[in-house]
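Biologist: I am new to this structure and would love a close look at a single part of it. Could you pick one strand, walk me through its surroundings, and explain the terms as you go?

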Amino acid sequence: MTGVHGRDWRPRYLQLAEELRVKIMAGEMAPGTLMPSETELAESSGLSRTSVRNAIRQLREWGLVRAEQGRGTYVRAPRQRVRRRNSERYQWEKDRVLLDEAERLKTGATEHDTGLTVDDLKFHAEYSRVEADAEMAAALQVEPGTPLLRRVYWTSSRHERAPLTVSYSYLPYDLVAANPDLLDESKEPWPGGTQHQLYTLGIELDRIDDEIRARPPSPDEAELLDIDPGVSVLTVRKTSVDTTGRVVEVADVVMPGDRTELVYSHKLQRWKT
């Protein structure tokens, strides 16, 4: 550590955090390396222990280190990133609906977003019957109290403990009950996903609307997704509308903000000349 440049416009703790980040990204501090203590960093950088503590906190928020109680702070192995190209993702899912089952079994949406294979992933699904509260009733355009099928999904890499994302999906119960297989969580992961499940009911999607927000995670989300303090989650409220204009599914996808990218591409019409 050569010391923090005092004439840099950034706060001095951020300068130290950036210097450490560069070393980590360059491989000078490999995953699993024990970070120097606060005292050692304070002496080498010329900063107070408070500034050093803030720098380490910043590294945690960047997802580069993790603190282990009673042991110290360690450089974190790179986390699996998720890159959702929703503009093309939904059409890709729709096109897969018409493929035979063998083709649909080969890959899914998570593989599409991560580059991982089916064998790299662990899938979890929980189904329950609930009644629509006022918010979900408005989102699904049904009456409050309408029975819904609530589905909770998460997928994780076999090399990591924490899920990549968590999804809460809601469909009108009477709609999906026409195919009893759609009420059985043991059928998951379903080849072809939700769009193929809807296809078995004779439903074709016309559009999917996304609403994106950032917010602090709930305590349960922070624990499940292994989110460090200060890291926000990105949420996508995904509303699926069929070709008759009916809302057939509303899903809330919760993603860790430190390892998720949302990518959108929009083709623009050319000026007439």
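Modeller: Happily! Let me begin with how the elements get their names: helices (H or I, at least four residues) and strands (E, at least two) are DSSP runs, numbered from the N terminus. This is a predicted model, in which local features need pLDDT of at least 70 and side-chain atom pairs count only at pLDDT 80 or more, while totals for chains, interfaces and linings use all residues. Residues are numbered from 1 along each chain as its sequence is written, and side-chain values use heavy atoms, with hydrogens and water left out.

The part I would like to show you is strand β8, which covers residues 233-242. A good place to start is T235, which is found in this strand. T235 is buried, with a relative accessible area of 12%; buried means under 20% relative accessible area, exposed over 50%, and partly exposed in between, using a 1.4 Å probe and protein chains only. Which residues does T235 touch, not counting residues up to four places away in sequence? They are E211, I212, R213, R215, V253 and V254, where contact means heavy atoms within 4.5 Å.

T235 has buried company along the strand. Ten of the ten residues of β8 are buried, and both of its faces are covered. On one side sit V233, T235, R237, T239 and V241, and on the other L234, V236, K238, S240 and D242.

Now for the neighbours of β8. Strands of a sheet pair through backbone hydrogen bonds, either parallel or antiparallel. Here, two strands count as a pair if DSSP finds at least two bridges between them. β7 and β8 run antiparallel and are joined by ten bridges, with I212 standing opposite V236 in β8. β8 also pairs with strand β9 (residues 247-256), again in the antiparallel sense, over nine bridges. In that pairing, V241 stands opposite V247 in β9. The hairpin of β8 and β9 has four residues between the strands, and G245 takes a positive phi near 90° there.

Stepping back, we can place β8 in its sheet. The sheet is open, has six strands with antiparallel pairing, and follows the order β4-β5-β6-β9-β8-β7. β4 (121-131) and β7 (205-215) stand at the edges with a single partner strand each, so one side of each has no neighbour in the sheet. On average, neighbouring strands of this sheet are turned by 15° against each other, direction ignored; axes are lines fitted to C-alpha atoms, for helices over the stretch in contact, and angles run from 0 to 180 degrees between N-to-C directions.

Elsewhere in the sheet, eight bridges join strand β5 (residues 147-157) to strand β6 (residues 165-172), which run antiparallel. R150 stands opposite Y170 in β6.

The sheet also brings us to an aromatic pair, and a search of the whole structure finds one. The ring centres of F123 and Y153 are 5.7 Å apart and their planes meet at 40°, so the pair is tilted. By the rule used here, rings of Phe, Tyr and Trp (its six-membered ring) pair if their centres lie within 6.5 Å; planes under 30 degrees apart count as stacked, over 60 as edge-to-face and the rest as tilted. F123 in strand β4 and Y153 in strand β5 are 30 residues apart, so to speak of the pair is to speak of a link between distant parts of the chain. F123 is partly exposed at 37% relative accessibility, whereas Y153 is buried, with a relative accessible area of 12%.

Finally, let us return to the chain leading into β8. Most residues other than glycine have a negative phi, and most peptide bonds are trans. D226 has a positive phi of about 55° although it is not a glycine. D226 lies in the loop between α10 (219-225) and β8, and counts as buried at 13% relative accessibility. Q141 also has a positive phi, near 60°, and is a residue other than glycine. Q141 is found in the loop between α7 (134-140) and β5, and is exposed, with a relative accessible area of 60%. As for peptide bonds, the one from E188 to P189 is cis, with omega near -5°. P189 lies in the loop between α8 (173-176) and α9 (193-199).
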